[in-house]
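Q: Please look closely at the ligand site. Which residues come nearest to the ligand, and how does the shell around it divide by class?

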Amino acid sequence: MVVYLVGAGPGDPDLVTLKAIKTLKKADVVVYDRLANEEILNYANGAEMIYVGKRAGAHSKKQDEINEILIQQGKKHGVVVRLKGGDPFVFGRGGEEMLALLKEGISVELVPGVTSAVGVPTTAGLPVTHRGVATSFTVVTGHEDPTKKDKQVKWNYNADTIIILMGVANLEENIQEIMEHKDPKTPVCVIENGTSPDERIVLGTLEDIHQKNINPPALVIIGPVVDVFREIQNNRSEDMA
Ligand SMILES: C[S@@+](CC[C@H](N)C(=O)[O-])C[C@H]1O[C@@H](n2cnc3c(N)ncnc32)[C@H](O)[C@@H]1O
């Protein structure tokens, strides 16, 4: 009776950890959602598969249902794997699931994953910190729970690099607020479907990025490290010439 909260990494099935593979191999049941690359499920050969992918706009009620499924499965089986995209504790609601299970007396183990927040830019060749350019980065949600009474995201972050997850739907509105604190010419890089064969990289600035037809899932990276990325890209193409 253990539920493992397991990170599946950002998409590329080779970016799953050895510990995640070992845990999947001993699973009786796997509860997974939309962002987990389905290829990874093959490691759990013979386990029961339960899909609980969430649709936008139906988050809070659905999360209660997911918690209930995990509790029921946790009570029934020896090893339950809750597989989540990226890392389970980075905007994955893993903490909520863990608390719900612990309150029912069910043990929980954690298996971290490569979070898209860092794994996606690194795979693309974009360093989120760079000596002399960026000494800090912050990871923020672009889609705060709309039912919250007070907004926690103020967009006045001092970090040199800002990385926005779930940032597509409210991109224009959030960027407007960010421009109250940062130069509109600040470089921006958007990476759609990072680490996958469908990866698309879009470059721009705060003032024009919203015009570039961005589609989810995407990461928005803001700050001077985007210029370092351009330099890396230029050197890479010279390398190949
Ligand atoms: C609900 S959050 C979950 C994040 C996940 N727990 C993690 O650590 O990566 C989903 C958001 O992560 C980002 N994301 C996840 N995978 C991505 C990928 N392959 N490429 C770009 N962004 C990705 C997107 O911003 C997406 O809206």
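A: In the classes used here, Ala, Val, Leu, Ile, Met, Phe, Trp, Tyr, Cys and Pro count as nonpolar, Asp, Glu, Lys and Arg as charged, and the others, Gly among them, as polar. On that basis the shell around the ligand has eleven nonpolar residues, six polar ones and one charged one.

This is a predicted model, in which local features need pLDDT of at least 70, side-chain atom pairs count only at pLDDT 80 or more, and totals for chains, interfaces and linings use all residues. Residues are numbered from 1 along each chain as its sequence is written, and side-chain values use heavy atoms, with hydrogens and water left out.

There are 18 residues around the ligand (a residue is near it if one of its heavy atoms lies within 4 Å). Val-90, Thr-115, Ser-116, Gly-194 and Ala-218 come nearest.

Three of these five names recur among the polar contacts (pairs of N or O atoms within 3.5 Å). Val-90 takes part through its backbone: one of its N or O atoms there lies 2.7 Å from a nitrogen atom of the ligand. Thr-115 uses its side chain, where an N or O atom is 2.7 Å from an oxygen atom of the ligand. For Ser-116, a side-chain N or O atom is likewise 2.7 Å from an oxygen atom of the ligand. Taken alone, the ligand exposes 580 Å², and the protein buries 88% of that (accessible area by the Shrake-Rupley method, 1.4 Å probe).

Two elements, α4 (116-124) and β10 (218-222), give two or more residues to the shell around the ligand (DSSP runs numbered from the N terminus, helices being H or I of at least four residues and strands E of at least two). The ligand lies between domain 1 (2-111) and domain 2 (116-240), because both give residues to its shell (bounds from an automatic or database domain assignment).

Two backbone details can be added. Most residues other than glycine have a negative phi, and most peptide bonds are trans. The peptide bond from Pro-216 to Pro-217, however, is cis, with omega near -5°. Pro-217 sits in the loop between β9 (200-205) and β10, and β10 is one of the elements named above for the shell. Arg-93 is not a glycine, yet its phi is positive, at about 60°. Its place is the loop that runs between β4 (79-84) and α3 (94-103).

Methods
A polar contact is a pair of N or O atoms within 3.5 Å; within protein, one must be able to donate a hydrogen and the other to accept it, and residues adjacent in sequence count only if both atoms are side-chain atoms.
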